[in-house]
Amino acid sequence: MELKLVNDQGQASATVQASDAVFAREYNEALVHQLVVAYQANARSGNRAQKDRGEVRHTTHKPFKQKGTGNARAGMSSSPLWRGGGRIFPNRPDENFTQKVNRKQFRAGIASILSQLVREDRLVVVESFSVDAPKTRLLAQKLKGFGAESALVITDEIDENLWLSSRNLHNVLVLEAHEADPVSLVRYPRVIVTRAAVAKIEEMWQ
């Protein structure tokens, strides 16, 4: 298939030949959902921890007498039924949240996302993407020319000026082709890819 090659003014100037297996695949919503959920789950550090009734700080003194108060019987304040008591099934820091995704599934999911970006006209292919100096203002102006205030920029190799310019833009992310992940591809409304990065993406995900 052919992808539009866009100039710095955001106008189509030529076309780029691209693989149908990567940029013209049928959209598989279930697979993309599985990919995004697994990627976010695998990013969890799993360091949350809660205390059970034996670990909370408490006294062993009986809160009130056994009979005559009209309340339910209570032995100590560490009961999970009490405010400040322990949890019945506490979360442990050794909990494993990882989900396995097969290599063929991951490749098919990435290709499905890229193909949907092309269909929705959210993928922009440029000859090259760089800035003359490490200035946030220069990068913001360049993105404005593409009509993209929030964008994911994928290059074959990150230029230092480009990386430094993007650090203060919270709605802009710059990645190399091999670092592209399903969450970032889905999240940003506009994805800008250099011509060399398109070739690398085809090589990795085909």
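## A walk from Phe23 outward

Let's start at Phe23, which touches Met1, Leu3, Ala18, Leu114, Ser115, Val118, Leu123, Val198, Ile201 and Glu202, leaving aside residues up to four places away in sequence. Keep in mind that this is a predicted model.

Phe23 is part of something bigger: the largest nonpolar core, which has 28 residues. Phe23 is among those with the most contacts inside this core, along with Leu114, Ile154, Leu185, Val191, Val193 and Ile201. Who supplies the residues? At least two each come from β1 (2-6), α1 (20-23), α2 (29-42), α3 (103-119), β3 (123-126), β4 (151-155), β6 (190-194) and α7 (195-205). In soluble globular proteins, nonpolar side chains tend to be buried together. There is also a second, separate core of 16 residues, and Leu143, Phe146, Ala148 and Val153 are included in it.

Now follow two of those core suppliers, α3 and α7. Their axes sit 10 Å apart, and the helices pack at an angle of about 145 degrees. On the α3 side the contact is made by Phe106, Arg107, Ile110 and Leu114, and on the α7 side by Ile201, Met204 and Trp205. Sorted by class, that comes to six nonpolar residues, one charged and no polar.

Stay with α7 for a moment. Its residues Ala197, Val198, Ile201, Glu202 and Trp205 are buried. Looking down the axis of α7, the buried residues fall within an arc of 145 degrees, so they line one face of the helix. And what covers them? The cover includes β2 (12-17), α1, α3, β3, β4 and β6.

Next stop is Ser165, in helix α5 (residues 160-166). Ser165 counts as buried because its relative accessibility is 0%, and the cut-off for buried is under 20%. A polar atom of the Ser165 side chain lies 3.1 Å from the backbone nitrogen of Lys135. Beyond residues up to four places away in sequence, Ser165 touches Val131, Ala133, Pro134, Lys135, Thr136 and Leu139.

Last comes Lys142, in helix α4 (residues 136-145). Is this lysine buried or exposed? Lys142 is buried, with a relative accessible area of 18%, where the limit is under 20%. Lys142 touches Asp8, Phe129, Ser130 and Val131, again not counting residues up to four places away in sequence. To tie this back to the α3 and α7 contact, take Phe106, one of the α3 residues there: Lys142 and Phe106 are 36 residues apart in sequence and 32 Å apart in space, C-alpha to C-alpha.

Key: Residues numbered from 1 in each chain as written. Predicted model: local features only at pLDDT ≥ 70, side-chain atom pairs only at ≥ 80, totals over all residues. Heavy atoms only, no water. Core = buried A, V, L, I, M, F, W, Y, C linked by side-chain atoms within 4.5 Å. Buried < 20%, exposed > 50% of the residue type's maximum accessible area, 1.4 Å probe, protein only. Helix = DSSP H or I, 4+ residues; strand = E, 2+ residues; numbered from the N terminus. Contact = heavy atoms within 4.5 Å. Polar contact = N/O pair within 3.5 Å; in protein donor to acceptor, adjacent residues only side chain to side chain. Axes fitted to C-alpha atoms, helices over the stretch in contact; angles between N-to-C directions. Nonpolar A, V, L, I, M, F, W, Y, C, P; charged D, E, K, R; others polar. Arc of directions from axis to C-beta.
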